[in-house]
Amino acid sequence: MAVLALFAKGKTRLVGIHHARAKESDRISDLRKELLKVQAKVSETSDALTIEPRASYKTSQLLDSHNDHRLAMAFTVLGLKIGCRVKGIESSHKSYPAFIKDMKALGAF
């Protein structure tokens, strides 16, 4: 949802997501940190992310998945739109073994 919110018509606030801090990575903090690399307007609290869309984003950035399969997949989808690259994409095998093959078919790599 955070990646999609980058292209929404208005501000998006994802709340009640404190559980996302205790997954393969701290998804809230790591999402914010990596999205800032593309110059996204994103802020976090202990339980929420707020994303404000921009007209454009910095392209060709290397986003780190932090070995988190969900971040790897989300950043790959973002890459289809703005051309960013993803470090640690192989972590996607955890939940979607064919993800890399399927994304290659869409031109993601």
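User: What makes Thr12 and β3 partners in this predicted model?

Analyst: In this predicted model, Thr12 stands opposite Ile51 in β3. Likewise, Arg13 stands opposite Thr50 in β3. These residues lie along β1 (12-15) and strand β3 (residues 48-52).

User: Why are β1 and β3 said to pair?

Analyst: Two strands pair if at least two bridges are found between them. β1 and β3 have four bridges, in the antiparallel sense, and therefore they count as paired.

User: What makes β1 and β2 edge strands?

Analyst: The three strands form an open sheet in the order β1-β3-β2, with antiparallel pairing. β1 (12-15) and β2 (41-44) each pair on one side only, and they are the edge strands. From one strand to the next, the twist averages 10°.

User: Which helix packs on the sheet, and what does this helix touch?

Analyst: Helix α2 packs on the sheet and touches β2 and β3. The direction of α2 makes about 155° with that of β2.

User: How do you know that the side chains along β1 alternate?

Analyst: Thr12 and Leu14 point to one face and are buried. Arg13 and Val15 point to the other face and are not buried.

User: Why is His69 called buried?

Analyst: Buried means under 20% relative accessible area. His69 has 5% relative accessibility, so this residue counts as buried.

User: Where is His69 found, and what does His69 touch?

Analyst: His69 is found in helix α3. Leaving aside residues up to four places away in sequence, His69 touches Glu24, Arg27, Ser91, Ser92, Lys94 and Ser95. One of these, Lys94, is 25 residues from His69 along the chain, and the C-alpha atoms of the two are separated by 6.5 Å.

User: How do you know which residues and helices line the largest pocket?

Analyst: A lining residue has an atom within 4 Å of a point of the pocket. The largest pocket is lined by 17 residues, of which Met1, Ala2, Leu31, Arg70 and Ala74 lie nearest its centre. Helices α1 (2-5), α2 (27-36) and α3 (69-82) each supply at least two lining residues. The largest share, five residues, comes from α3. The space in this pocket is about 470 Å³.

User: What makes up the lining of the largest pocket: how many residues are nonpolar, polar and charged?

Analyst: The lining divides into 14 nonpolar residues, one polar residue and two charged residues. Ala, Leu and Met count as nonpolar and Arg as charged; therefore, among the residues nearest the centre, Met1, Ala2, Leu31 and Ala74 are nonpolar, whereas Arg70 is charged.

Key. Residues are numbered from 1 along each chain as its sequence is written. This is a predicted model: local features need pLDDT of at least 70, side-chain atom pairs count only at pLDDT 80 or more; totals for chains, interfaces and linings use all residues. Side-chain values use heavy atoms; hydrogens and water are left out. On a 1 Å grid over the protein atoms alone, a cavity is a set of points where a 1.4 Å probe fits but cannot get out, and a pocket is an open set with protein on both sides within 12 Å along at least five of seven lines; lining residues have an atom within 4 Å of a point. Grid points are joined across faces, edges and corners, and a volume is the space filled by probe spheres set on the points. Axes are lines fitted to C-alpha atoms, for helices over the stretch in contact, and angles run from 0 to 180 degrees between N-to-C directions. Contact means heavy atoms within 4.5 Å. Buried means under 20% relative accessible area, exposed over 50%, partly exposed in between (1.4 Å probe, protein chains only).
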